[in-house]
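Colleague: I'm new to this one, so could you show me how to read it, feature by feature?

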Amino acid sequence: MKYLAICEDDLLFQFMRKLATKRSEVLFIVEDLDAARRIRRRGGSSQAGPLDSETTYQKAHLERADQVILFVRDTELWERVYTQIRSLRPDTSILSLASGKKSIGGHKDKLLSQLPLEDIFEEFCAPQLLDTVNRRRVEMIRGLFREKDKINILLQHDPDPDAIGSALALRELLGRNRATTPIVTFGEVTRPENLAMIRLLEIQIERVNPADLHGDGAKLALVDVQPPYFEQPLGRVDLVVDHHPKRAPFTARFADLRTDYGATSTIFTDYLRAAGMEPSQRLATALLYGIKTDTLFLERGSHMIDVEAFSFLYPFANRALIAKMERPALPREDLEALGRALSRLQLEDGVAVIHMGEVKREDVIPQMAEFSLQIEGVEWGIVSGLSDNRVVISARNVGYVKSAGDIMKRLYDDIGSAGGHRAMAKAVIPVARFKEKFGEVSEKAIRDAIVPLITQREDENGRG
Ligand SMILES: [Mn+2]
């Protein structure tokens, strides 16, 4: 096969140098002498001359060419060159590389085919370019923090797998651990699948009060969420990586919002790949589960990019573990404790108070608080249990009433840690301190303390 490549300059040669020099049958015809020399110096064959002149093609033996490749961006020149070639060789096939689809429109020429540059670029160059962009972003992210900085990675109120996976990935990307880079939330994980995820992957998510976010000069990173989501101002935000649309303006030292991504975990998978990092099984499992749940197994709003990230992570992940997360099981003992508690449930002013006693697994408590809101007439669900010599209390409400976080704080913050937001809150108190203040750990003690605060009229609010 003899190829004739007709080009304005030596750009095409640069792109296909390996191929063109290996196959000496490609002759490059270029406009100027310098370009022709450059091609020859680098091992190609070339000839210089006006591209629209008959003499050029006679010298190049156009009649021996099996295929003409046309790489001319100037549309007027393109027309002249095309006309010239066709008048000399009506039967040779021409492949035109051009931007846009314009030039081909006017010609009913079966032997002319066009390869749009955009398509070539997208398929072969864009992924590598994107890789460069991601690598640059990773460098910027690493540059945000100094080694001695503590970083809080803040998630939404009820962290989901996408957020949790992203937080783990950020930590890994920064080469940090749980102590220096805790994952925090103002709320807590409640969905059984998500609780199963953090239990099976041994991920700790700490509850913090908004006031403590920058304690000890800690830096703040947000993943899968943006600052305006939070009711309270967050102070200085160092990093935001998210895939949700930007609803309100915010400032952050670094922000990467990609609304065309189905999951934030996909963005972090991009980062990891660009940084040349192979994810651990734990991280790959978390990210895979994040992408899977946020895109409803690659159905909802997912794109090629999510599918690619998914298939990259798949071999590293523990699929058996994911199957367990999707069907979380409750310990039998805890179910029995719940059954007993439910059997004596009394509803008063729409408030359900359930004390489960000793529980095997602490995450059953928020799960049951969530569940209690489904009981008819329940507007507040307060569920408590004992775990590790601590009283753990979860509060939930239907959302339009008083702030659960405020009430828990007023009651328990002085003897333990308590907080949360309007619809969901938690308190953890050492048993001894609870007994000092309330006498005993029982449904009655909890109810007697909480119900008055819930039913208190608005105008009294804040005085007690
Ligand atoms: Mn998400």
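Modeller: Happy to. Let's begin with burial: a residue is buried if 20 or more other C-beta atoms lie within 10 Å of its own, exposed if 12 or fewer, and partly exposed in between, with C-beta atoms placed from the backbone. Helices (H or I, at least four residues) and strands (E, at least two) are DSSP runs, numbered from the N terminus. In helix H10 (residues 264-274), nine of the eleven residues are buried, which leaves the helix mostly covered. Among them are Ile267, Phe268, Tyr271 and Leu272. After H10 comes Gly276, with a positive phi near 70°.

Colleague: Before I go on, what kind of model is this, and how are residues numbered?

Modeller: This is a predicted model, where local features need pLDDT of at least 70 and side-chain atom pairs count only at pLDDT 80 or more, while totals for chains, interfaces and linings use all residues. Numbering starts from 1 along each chain, as its sequence is written.

Colleague: What does the pLDDT average for the protein chain?

Modeller: pLDDT is the predictor's confidence in each residue, from 0 to 100. The protein chain averages 88, and 94% of the residues score at least 70. Over residues 459-464, though, the value is below 50, and that stretch has two contacts in the model beyond near neighbours in sequence. Two residues are in contact if their C-beta atoms, placed from the backbone, lie within 7 Å. Where pLDDT is low, the predicted coordinates should not be read in detail.

Colleague: Now the overall shape: why is the protein chain called more spread out than a compact globule?

Modeller: Two yardsticks are needed: the radius of gyration is taken over C-alpha atoms, and the globule rule is 2.2 Å times the number of residues to the power 0.38. The chain has 18 helices and 18 strands. Its radius of gyration is 33 Å, well over the 23 Å that the rule gives for 464 residues, so the chain is more spread out than a compact globule. The C-alpha trace spans about 105 × 40 × 40 Å along its principal axes. Buried residues make up 38% of the 464.

Colleague: Which domains does the assignment give?

Modeller: Domain bounds come from an automatic or database domain assignment. Here that gives domain 1 (3-116), domain 2 (144-326) and domain 3 (332-460). The centres of domain 2 and domain 3, taken over C-alpha atoms, are 29 Å apart. Twelve residues of domain 2 are in contact with nine residues of domain 3. On the domain 2 side, helix H9 (residues 192-200) gives the most, with three residues.

Colleague: How do I read a sheet?

Modeller: Look for pairing: two strands pair if DSSP finds at least two bridges between them. One open sheet has six strands, in the order S9-S8-S7-S10-S11-S12, with parallel pairing. Strand S9 (205-207) and strand S12 (254-257) are at the edges with a single partner strand each, so one side of each lacks a neighbour in the sheet. From one strand to the next, the twist averages 25°. Inside the sheet, three bridges join S10 (residues 219-223) to S11 (residues 239-242), and Leu222 is opposite Val240 in S11.

Colleague: Which strands does helix H8 lie across?

Modeller: For angles, axes are lines fitted to C-alpha atoms, for helices over the stretch in contact, and angles run from 0 to 180 degrees between N-to-C directions. H8 (residues 161-173) lies across S7 (151-154), S8 (183-185), S10 and S11, at about 135° to S10.

Colleague: What about the other six-stranded sheet?

Modeller: That open sheet runs S13-S14-S15-S16-S18-S17, with mixed pairing. Its edge strands are S13 (347-348) and S17 (417-420), each pairing on one side only. S17 runs antiparallel to S18 (residues 424-430), with four bridges between them, and Ser417 is opposite Val428 in S18. Helix H16 (residues 404-412) packs on this sheet, touching S16, S17 and S18, with its direction at about 165° to that of S17. Helix H18 (residues 443-455) lies across S13, S14 (351-358), S15 and S16, at about 150° to S14.

Colleague: Asp224 and Asn389: buried or exposed?

Modeller: Asp224, in the loop between S10 and S11, is buried, with 29 other C-beta atoms within 10 Å. Asn389, in the loop between S15 (380-387) and S16 (390-397), counts as exposed, with 8 C-beta neighbours inside 10 Å. Phi is positive, near 65°, for Asp224, and phi of Asn389 is also near 65°.
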